[in-house]
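I opened this one with my notebook beside me and a short list of things to look up. Here is what I wrote down as I went.

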Amino acid sequence: MTVLSTSLHVPVATAAASIAKTIVVNPSGTGDFRSVQEAVNSVPDYNNQWIKIHLASGVYRGEGGDRRYKSYILLEGEGAQKTSIEWGDYASDSRGHDTASCGTFTSYASNIVVAGITFKNTYDGYSHTKQAVAALIAGDKSSLYSCGFVGYQDTLADLFGRHYFKGCYIQGVTDFIFGLGQSIYEGCTISTANSVEKPGFVTAQGRGAANDTNGFVFKRCNVTGPQATYLGRAWGRNEITYAESECTGPGSKQSGRVRWKKTLTSDELRKFTDISYIDGEGWLGEQPQY
């Protein structure tokens with residue numbers, strides 16, 4: 001898992017899966033809908049054709065996300081620097097949210113593609129962090145390209161399912177990539193945020209048994225930011241394996257690592273870094289490509 005830098009760009013879809021319908025969302029009223037949730041709600045339950053929901057540039061607030069039966073949606077912004085979905089709920093707030101329900105954006109459906117959007121939880125965790133999810137991804141066969149995820153604690157809930165993150169920016173302080181997802185992060189920038197709580201933890205992976213297949217793989221990613229952080233800690237039962245290979249830069253020194261960190265052979269590494277770790281049957285190639 002070589003550490004390299006990456007940058008966000010404006011995504012452009014290429015041919016792979018045909019788009020049956022395009023829905024435009026614009027708060028100005030010039031599109032088909034003014035809100036993202038209205039557009040998602042318009043997609044038929046148990047949909048099996050790719051529908052593109054294009055978000056015009058701007059800030060969308062409190063937009064929720066897709067329903068469990070709203071599959072085959074391509075949610076496309078005009079670039080992570082121009083299109084964002086933002087809200088500020090957090091666990092144990094006055095409205096009774098918990099970690100699972102406080103997300104700015106939630107996705108439970110399978111076969112979802114998201115590109116060129118920033119998801120931000122606006123809760124100010126500088127002086128005291130709370131679980132404040134920017135995006136919760138819990139549907140199988142979900143791919144996210146050139147997206148941003150901004151928060152402090154529990155920024156990205158990579159909760160369940162097989163996921164592919166490419167060219168994304170993820171920012172936080174504590175456990176800001178967490179869950180039981182089986183995911184590859186490729187060419188992503190992972191950044192700490194300024195906070196009085198330090199050092200933090202990048203990941204909190206919840207693998208619960210030795211034979212579980214889930215895990216987080218970071219491939220050609222860049223870990224950076226204004227303050228020190230631990231690479232990760234176990235979440236729940238401690239059935240977790242940590243390994244690293246071919247990393248460079250100041251944070252790559254392994255002298256301070258836990259003694260039980262594993263060194264994997266080339267064949268063992270390939271099992272996790274090859275795309276077949278999440279996609280043995282070719283589902284990524286059947287989605288709209290970026």
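The entries below run from the ground rules through the sheets and the cavity to single residues.

**Ground rules**

I'm working with a predicted model, where local features need pLDDT of at least 70, side-chain atom pairs count only at pLDDT 80 or more, and totals for chains, interfaces and linings use all residues. Residues are numbered from 1 along each chain as its sequence is written, and side-chain values use heavy atoms, with hydrogens and water left out.

**The 8-stranded sheet**

I took helices (H or I, at least four residues) and strands (E, at least two) as DSSP runs, numbered from the N terminus. I call two strands paired if DSSP finds at least two bridges between them.

I looked up the strand order and got an open sheet of 8 strands, S1-S2-S5-S8-S11-S14-S17-S20, with parallel pairing. Strand S1 (19-25) and strand S20 (215-219) are its edges, each pairing on one side only. The twist averages 10° from one strand to the next; for such angles, axes are lines fitted to C-alpha atoms (for helices over the stretch in contact), and values run from 0 to 180 degrees between N-to-C directions.

Inside this sheet I checked one pair: strand S5 (residues 73-76) and strand S8 (residues 112-115) run parallel and are joined by 4 bridges. Which residue of S8 is the bridge partner of Leu 75? I found Val 114 there.

**The 7-stranded sheet**

The other open sheet I noted has 7 strands in the order S3-S6-S9-S12-S15-S18-S21, also with parallel pairing. Its edges are strand S3 (58-61) and strand S21 (222-224), and each pairs on one side only. Neighbouring strands here are turned by 15° against each other on average, direction ignored.

At the S3 edge, I counted 4 bridges in the parallel pairing with strand S6 (residues 83-87). Val 59 stands opposite Ser 84 of S6.

**Cavity search**

How many cavities of 30 Å³ or more does a search of the whole structure find? I got 1. For the record, a cavity is a set of points, on a 1 Å grid over the protein atoms alone, where a 1.4 Å probe fits but cannot get out, and lining residues have an atom within 4 Å of a point. Grid points are joined across faces, edges and corners, and the volume is the space filled by probe spheres set on the points.

The volume came out at about 50 Å³. I listed the lining as Val 40, Asp 66, Ile 73, Leu 75, Phe 105 and Ile 112. By class that gives 5 nonpolar, no polar and 1 charged residues (Ala, Val, Leu, Ile, Met, Phe, Trp, Tyr, Cys and Pro count as nonpolar, Asp, Glu, Lys and Arg as charged, the others, Gly among them, as polar).

**Residues with polar contacts**

My scale: buried is under 20% relative accessible area, exposed over 50%, partly exposed in between (1.4 Å probe, protein chains only). A polar contact is a pair of N or O atoms within 3.5 Å; within protein, one must be able to donate a hydrogen and the other to accept it, and residues adjacent in sequence count only if both atoms are side-chain atoms.

- Glu 186 sits in strand S17 (residues 182-186). Its relative accessible area is 14%, so I put it down as buried. Its side chain makes a polar contact of 2.7 Å with that of Tyr 164.
- Asn 214 is in the loop between strand S19 (200-205) and S20. I have it as buried because its relative accessibility is 14%. A 3.0 Å polar contact links its side chain to that of Gln 205.
- Ser 28 is in the loop between S1 and helix H1 (36-41). I marked it partly exposed, at 48% relative accessible area. Its side chain has polar contacts with those of Asn 26, at 2.8 Å, and Thr 30, at 3.0 Å.

**Backbone oddities**

Most residues other than glycine have a negative phi, and most peptide bonds are trans. So I looked for exceptions.

- Tyr 46, in the loop between H1 and strand S2 (50-55), has a positive phi near 60°. Tyr 46 is exposed, at 61% relative accessibility.
- Asp 154 also has a positive phi, about 60°. I found Asp 154 in the loop between strand S12 (148-150) and strand S13 (156-158), buried at 6%.
- Lys 198 and Pro 199 are joined by a cis peptide bond, with omega about -10°. Pro 199 is in the loop between strand S18 (189-192) and S19.

Key. On a 1 Å grid over the protein atoms alone, a cavity is a set of points where a 1.4 Å probe fits but cannot get out, and a pocket is an open set with protein on both sides within 12 Å along at least five of seven lines; lining residues have an atom within 4 Å of a point.
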